[in-house]
Amino acid sequence: MSNHIRLPGERVEQLRMIAEAKSKTISEVIGDYVRSEIEAGTIPASIPGVDVAKSEDGIKIVAGDMELFIPMGEGPTVAEVLASAGSFTSKDTERKKRWIEEVKDLSGIEVKRAGNGIKLVSPITKKEYPLNLDVATDLANMIGEAAK
């Protein structure tokens, strides 16, 4: 889910300069900042609107009206695969396409392309949940923690 934030033009230019210096997008720079605040303990390591819960036999993910269940033994693989999504850039369309095809084979989770992101698809209800690639990395971290 995307949103628009109004910032002074000078601040936008500073963000653009930081992004250029780091060969990243402004969105990636902001994502890095958010993750640094998670690591500092300022905010919890969660994604608003997404619940990842561990049970005896697996990991349940609820995001909006989309639900997924990952058998516990597959949790680390799903986390690793989703974490790799964060390495894509907007120019990696072919690489992203191959990755999406491999995700279902490796994890059983259906994933669709969605602009500069992905959509997770519930295998039961076929409900979809869009995720920016940067946020998919955060979800991977949550799944990895639940799999421990």
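**Exercise 1. Determine which residue stands opposite Ala63, and place the pair in its sheet.**

Step 1. Ala63 stands opposite Met66, a residue of β3. The model is predicted: local features need pLDDT of at least 70, side-chain atom pairs count only at pLDDT 80 or more, and totals for chains, interfaces and linings use all residues. Residues are numbered from 1 along each chain as its sequence is written, and side-chain values use heavy atoms, leaving out hydrogens and water.

Step 2. Strand β2 spans residues 58-63 and joins β3 through six bridges in the antiparallel sense. Two strands pair if DSSP finds at least two bridges between them. Strands (E, at least two residues) and helices (H or I, at least four) are DSSP runs numbered from the N terminus.

Step 3. The open sheet has the order β1-β2-β3, with antiparallel pairing. Its edge strands, β1 (50-54) and β3 (66-71), each pair on one side only. On average, neighbouring strands of this sheet are turned by 15° against each other, direction ignored.

**Exercise 2. Describe how helix α5 is placed relative to the strands β1, β2 and β3.**

Step 1. Helix α5 comprises residues 133-146 and lies across β1, β2 and β3; contact means heavy atoms within 4.5 Å.

Step 2. The helix runs at about 20° to β1. Axes are lines fitted to C-alpha atoms, for helices over the stretch in contact, and angles run from 0 to 180 degrees between N-to-C directions.

**Exercise 3. Identify the buried residues of helix α3 and explain why they are on the same side.**

Step 1. In α3 (residues 75-84), the buried residues (under 20% relative accessible area, 1.4 Å probe, protein chains only) are Gly75, Val78, Ala79, Val81 and Leu82.

Step 2. These residues are on the same side of α3 because they cover an arc of only 165° around the axis. The arc is that of the directions from the helix axis to the C-beta atoms.

**Exercise 4. State which residues touch the most other members of the largest nonpolar core, and which element gives the largest share.**

Step 1. A nonpolar core is a set of buried Ala, Val, Leu, Ile, Met, Phe, Trp, Tyr and Cys residues joined through side-chain atoms within 4.5 Å. The largest one has 31 residues, of which Ile59, Ile61, Leu82, Ile118, Leu120, Leu139 and Ile143 touch the most other members.

Step 2. Elements giving two or more residues include α4 (93-107), β5 (117-121) and β6 (128-132). Helix α5 supplies the largest share, seven residues.

Definitions and conventions. Buried means under 20% relative accessible area, exposed over 50%, partly exposed in between (1.4 Å probe, protein chains only).
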